[in-house]
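Thanks for sharing this one. Here are my notes, point by point, for you to read alongside the coordinates.

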Amino acid sequence: MATSPAERNVRGNNFVFFGGSAGMGRAAALALARRGASVLIVGRGEKDGQAVVEAARAAGAVSADFLAGDLATVAGIQQVADGVRAWRSELHGVLHTAMAAFQGKQVTADGFEFAFALQYFARTALNRLLVERLAASGDGRVVHIAGDVPGFFKPDLDDLQFERRKWGFFKSVLGTHILGFLHIQEAAQRWRDLPVSLTATCVNSTKTKAMADPRMPLAMRLMGQFGTTPEVSATNAVRVLTQASAQGLNGAVLRRPKRFEPQALQFDSGDAARLWDITTELAAQRGLRLP
């Protein structure tokens, strides 16, 4: 596939897709493969992951590999980070799409509420563990798939595991998007002197494996059934990873899925800094040192 003048040349560049075994991660990985990139698919299912690897190679990837890992556990995050670092010394981009949810509150072996563990903590920890590899490429780009969630869904930073508040599906899942925005905003400030950018791209309901999971609330499954395709939902994420310049993307969110309009995140800077410190401490308590 010819590289558009509006795109950087990503042939042979290294991209990691967390949750890339299906859905939007798979769609984005194949889009980069068609441009001749090297792709690493990270997921839990060997069969699905290897199927994406084969499809990526057929699409034109310079190389394609699969890394198995459980991103919902601290041990799994460390193992995946080690595997990614062993894969390549430079990373030109990573995309976070891993998602799963349940109708009732689930707590991981690390004592984290499940959505917090997978959709916030894993993404944040991996970004911080891989920032040196991203910077080494000279233009490392991080993309979080998210939803256009109103700020009033911001969780209580003193009760991130719902130990005092009553757990609710939407409070849990939507809250992780706000936490992700706070992380992106804070990381963009802390890493402003590094050639690394972090961006959130919002999507609407999408027909994915996660949305069809019978453990999902009925309302979510219905939304997924009538949603758009993963390829359409991944459009802005692919553009962030491939466009010629990252100018205007660092610390930004694209709230409208059908338009490419990056807007600077403007959450309370004190909350963003405090969440960074809370995350560092939560990781340290479980034996994970975050830079």
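1. Let me start with β4 and β5, which pair in the parallel sense over four bridges. Within this pairing, Val 94 sits opposite Val 142 of β5. Please keep in mind throughout that this is a predicted model.

2. On its other pairing, β4 meets β1, again in the parallel sense and over four bridges. Two facing positions help to fix the register: Phe 15 stands opposite Gly 93 in β4, and Phe 17 stands opposite Leu 95 in β4. Strand β4 covers residues 93-96; Gly 93 and Leu 95 point one way from the strand, while Val 94 and His 96 point the other way. Are these four residues buried or exposed? All are buried.

3. Stepping back to the sheet: what is the order of its eight strands? The sheet is open and runs β3-β2-β1-β4-β5-β6-β7-β8, with mixed pairing. The edges are held by β3 (63-68) and β8 (262-264); each has a single partner strand, so one side of each is left without a neighbour in the sheet. On average, neighbouring strands are turned by 20° against each other, direction ignored.

4. Two helices on this sheet deserve a look. Helix α2 (residues 46-59) packs on the sheet and touches β2 (38-43) and β3, its direction making about 170° with that of β3. Helix α8 lies across β1, β4, β5, β6 (196-202) and β7 (252-254), and runs at about 170° to β5.

5. Asn 14 is worth a close look in your viewer. Asn 14 belongs to strand β1 (residues 14-18) and counts as buried because its relative accessibility is 8%. Where does its side chain find a polar partner? A polar atom of the Asn 14 side chain lies 2.8 Å from the backbone oxygen of Glu 90. Setting aside residues up to four places away in sequence, Asn 14 touches Ser 38, Trp 87, Arg 88, Glu 90, Leu 91, His 92 and Gly 93.

6. Another asparagine to inspect is Asn 236, in helix α8 (residues 235-242). With 7% relative accessibility, Asn 236 counts as buried. Its side chain reaches the backbone oxygen of Pro 257 at 3.3 Å. Beyond residues up to four places away in sequence, the contacts of Asn 236 include Thr 201, Leu 254, Arg 256 and Phe 260.

7. On to the nonpolar interior. The largest nonpolar core has 59 residues, of which Val 16, Phe 18, Val 84, Phe 121, Phe 181 and Leu 288 touch the most other members. At least two residues each come from β1, β2, α3 (74-87), α4 (114-136), β5, α5, β6 and α9 (269-285). Which of these gives the most to this core? It is α4, with 14 residues. Leaving aside neighbours within four places in sequence, Leu 288 is in contact with residues including Val 74, Ile 77, Phe 121, Ala 125 and Leu 129. Another core, of 33 residues, lies apart from the largest one, with Phe 17, Val 39, Ile 41 and Val 52 among them.

8. One backbone detail to check: Phe 162 has a positive phi of about 55° although it is not a glycine. Most residues other than glycine have a negative phi. Phe 162 lies in the loop between β5 (140-146) and α5 (169-190), and at 7% relative accessibility Phe 162 counts as buried.

Methods
Residues numbered from 1 in each chain as written. Predicted model: local features only at pLDDT ≥ 70, side-chain atom pairs only at ≥ 80, totals over all residues. Heavy atoms only, no water. Buried < 20%, exposed > 50% of the residue type's maximum accessible area, 1.4 Å probe, protein only. Polar contact = N/O pair within 3.5 Å; in protein donor to acceptor, adjacent residues only side chain to side chain. Contact = heavy atoms within 4.5 Å. Pairing = 2+ DSSP bridges. Axes fitted to C-alpha atoms, helices over the stretch in contact; angles between N-to-C directions. Core = buried A, V, L, I, M, F, W, Y, C linked by side-chain atoms within 4.5 Å.
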